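Student: I am new to this structure and would be grateful for a close look at a single part of it. Please choose one element and describe its surroundings in one connected account.

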Amino acid sequence: MEKKVRSYVDNIFNSYEKDSYTIDIKEEVISNLLERINDLVDEGYKRVDAYKKAIEGLGTKEDLTSTFNLKKVSEYSINYLAVLITMFVSLVLYLILGFVFNMWNPGWLIFLLGIMVLGAIEGKFGVIWLLAVCIYIISGSLYGYWDVGLLIYGIAAALSAGKDQFIAGVWLLIITGYLALGFGFELWHPGWLIFVVGFALTTIIVEKSIIAFSWLSAIFAYLYIGFIYNLWNPGWVLFLVAAAITVYLETGRQKVEESNTDE
Amino acid sequence: MAKLTSDLIRGHTDTMVLKLLQERDMYGYELVKEIYKRSNKEYELKEVTLYASLRRLVSEQCVEAYWGDETRGGRRKYYSITKVGLDLYDEKRSDWDYSKKILDKLL
C-alpha cells in the first residue's frame, strides 16, 4: 500500500523540481495519506476502498501543486537541448575514436557514458551509475577487464537499491552467478545477460509492472537466435526494440493512470 | 453539505487550525480528523485546503513545523502554535464574534 501511495504522490510531483522543499512536502502528504488509509481500514473499509477514499480527501492534483507553489521543471527546452548536445558530442567522439584511433570497439561505450551523464544531470539515475560506467570503461581499456568488469553494474544496482535489502540481495546473487558462469565455465558471453534478467526481475518486483516482460522476452529471443543461428551480432538490436517498447508502454500506462485518477 | 456553506466554513480554516493547536501539537491528518469529529461528521476539510492554511500560517510565523521521530511507517510532520499564532487566534476570534453579532441582527 505504501508503494501505491508513494507512486501516486510521485506522479503528482514528478514534473516539478525535486528540491528538498518538494521532497519535504511529498513526505508529509504521503504520511498523512497512509495514516488516513490505516484509520479507514480499522473502520472496516477494504484496502482498495480506503485508498480511493483517502485520495478523494486529498483534493485535486491542480489544487495541490498550486497550493505548494512548486517550481515546474521546464522539461522541453532543457531536455531536448541536453539530449541533442549529448548525442552530438557522443557521436563526434565516437567517430574520432573510430577513425583516428581505430577504437570502434570500446568506443561505442561513449554512447552509454553520454546517456549516463544525461541521466545524472536530469536526476533520473544517481551518480552511482555514472561512476559505474566510468570505472567500467577505465578498467576495460587499461586492463582489459571488459568481461569481469560488468559486475560493476550489479554493484551499482545493489547500491542504488538502498534500504531495500531484498533487491540488494538479488543483485548480490546475480553478481555471484555472473562470476561463477565466467570464471567457472568461461561463459562470460552470454553470461552477461544475467544482468538484463536481473534488471527485468527487479523491475517486476519493485514496480509490479509487466512491462519488464518485454525485457525478458528480448533476452529469450536473443539467446534463441544466438545459440540456434549464431546471430549474436545483429541480434542485440532486440534490446533496442525492447527499450522502445518499454518507453512506449510506460507513456501509455502513465496516461491511463492519469485519466483514472481524474475521474 | 451545499457548496456555499462549505465555502463559508472553509474561510475560517486558519482559525480552526489555530484553535486546535492550542490543545496540543498535531500533524496534518490529525487536524483533518479532529475537525471532522468536532463538526459531528458534518464537515470534512480537504487535505489540500489544510496544507494551504498551514503554509500560510507557517509563513506568517503563527505556527512552527517539526518532524516527529516515528520509526515505523511515514514520519509525521507536527505543527505547534507560536505566540504570534495565539495573538492571531484572539484577533480572529473576536472578529468572528463581532461579525456574528451583526449578521444575527441582519439575517
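Tutor: This is a predicted model, and the part chosen here is helix 2 of chain B. This helix lies across strand 1, strand 2 and strand 3 of chain B, and it runs at about 90° to strand 3 of chain B.

The strands deserve a description of their own. They form an open sheet of three strands in chain B, with the order 1-3-2 and antiparallel pairing. Strand 1 (26–27) and strand 2 (63–67) of chain B are the edge strands, each pairing on one side only. Strand 1 of chain B is joined to strand 3 (residues 77–81) of chain B by two bridges, and these strands run antiparallel. In one of the pairings, B:Met26 has B:Tyr79 in strand 3 of chain B as its bridge partner.

Helix 2 of chain B also packs against another helix. Helix 2 (residues 13–21) of chain B meets helix 4 (residues 47–59) of chain B at an angle of about 75°, and their axes are 9 Å apart. The two helices of chain B, helix 2 and helix 4, are therefore roughly perpendicular to each other. On the side of helix 2 of chain B, the contact is made by B:Thr13, B:Asp14 and B:Val17. Helix 4 of chain B contributes B:Thr49, B:Leu50, B:Ser53, B:Leu54, B:Arg56 and B:Leu57. Sorted by class, this contact of helix 2 with helix 4 of chain B has four nonpolar, three polar and two charged residues.

One residue of this contact, B:Val17, can be followed further. Leaving aside residues up to four places away in sequence, B:Val17 touches B:Leu31, B:Ser53, B:Leu54 and B:Leu57. B:Val17 also belongs to the largest nonpolar core, which has 33 residues. B:Val17, B:Leu18, B:Leu54 and B:Val63 are the residues with the most contacts inside that core.

The core draws on both chains. From chain A, helix 1 (2–13), helix 2 and helix 3 each supply at least two residues. From chain B, the elements that each supply at least two residues are helix 2, helix 3 (28–38), helix 4, strand 3 and helix 5 (83–106). Helix 4 of chain B provides the largest share of this core, six residues. Helix 2 of chain B may thus be viewed in three settings: it lies across the three strands, it packs with helix 4 of chain B, and it supplies residues to the largest nonpolar core.

Technical notes:
Residues numbered from 1 in each chain as written. Chains lettered and ligands numbered in written order. Predicted model: local features only at pLDDT ≥ 70, side-chain atom pairs only at ≥ 80, totals over all residues. Axes fitted to C-alpha atoms, helices over the stretch in contact; angles between N-to-C directions. Helix = DSSP H or I, 4+ residues; strand = E, 2+ residues; numbered from the N terminus. Parallel < 35°, antiparallel > 145°, perpendicular 65-115°, else oblique. Contact = placed C-beta atoms within 7 Å. Nonpolar A, V, L, I, M, F, W, Y, C, P; charged D, E, K, R; others polar. Pairing = 2+ DSSP bridges. Core = buried A, V, L, I, M, F, W, Y, C linked by C-beta atoms within 7 Å. Buried ≥ 20, exposed ≤ 12 C-beta atoms within 10 Å, placed from the backbone.
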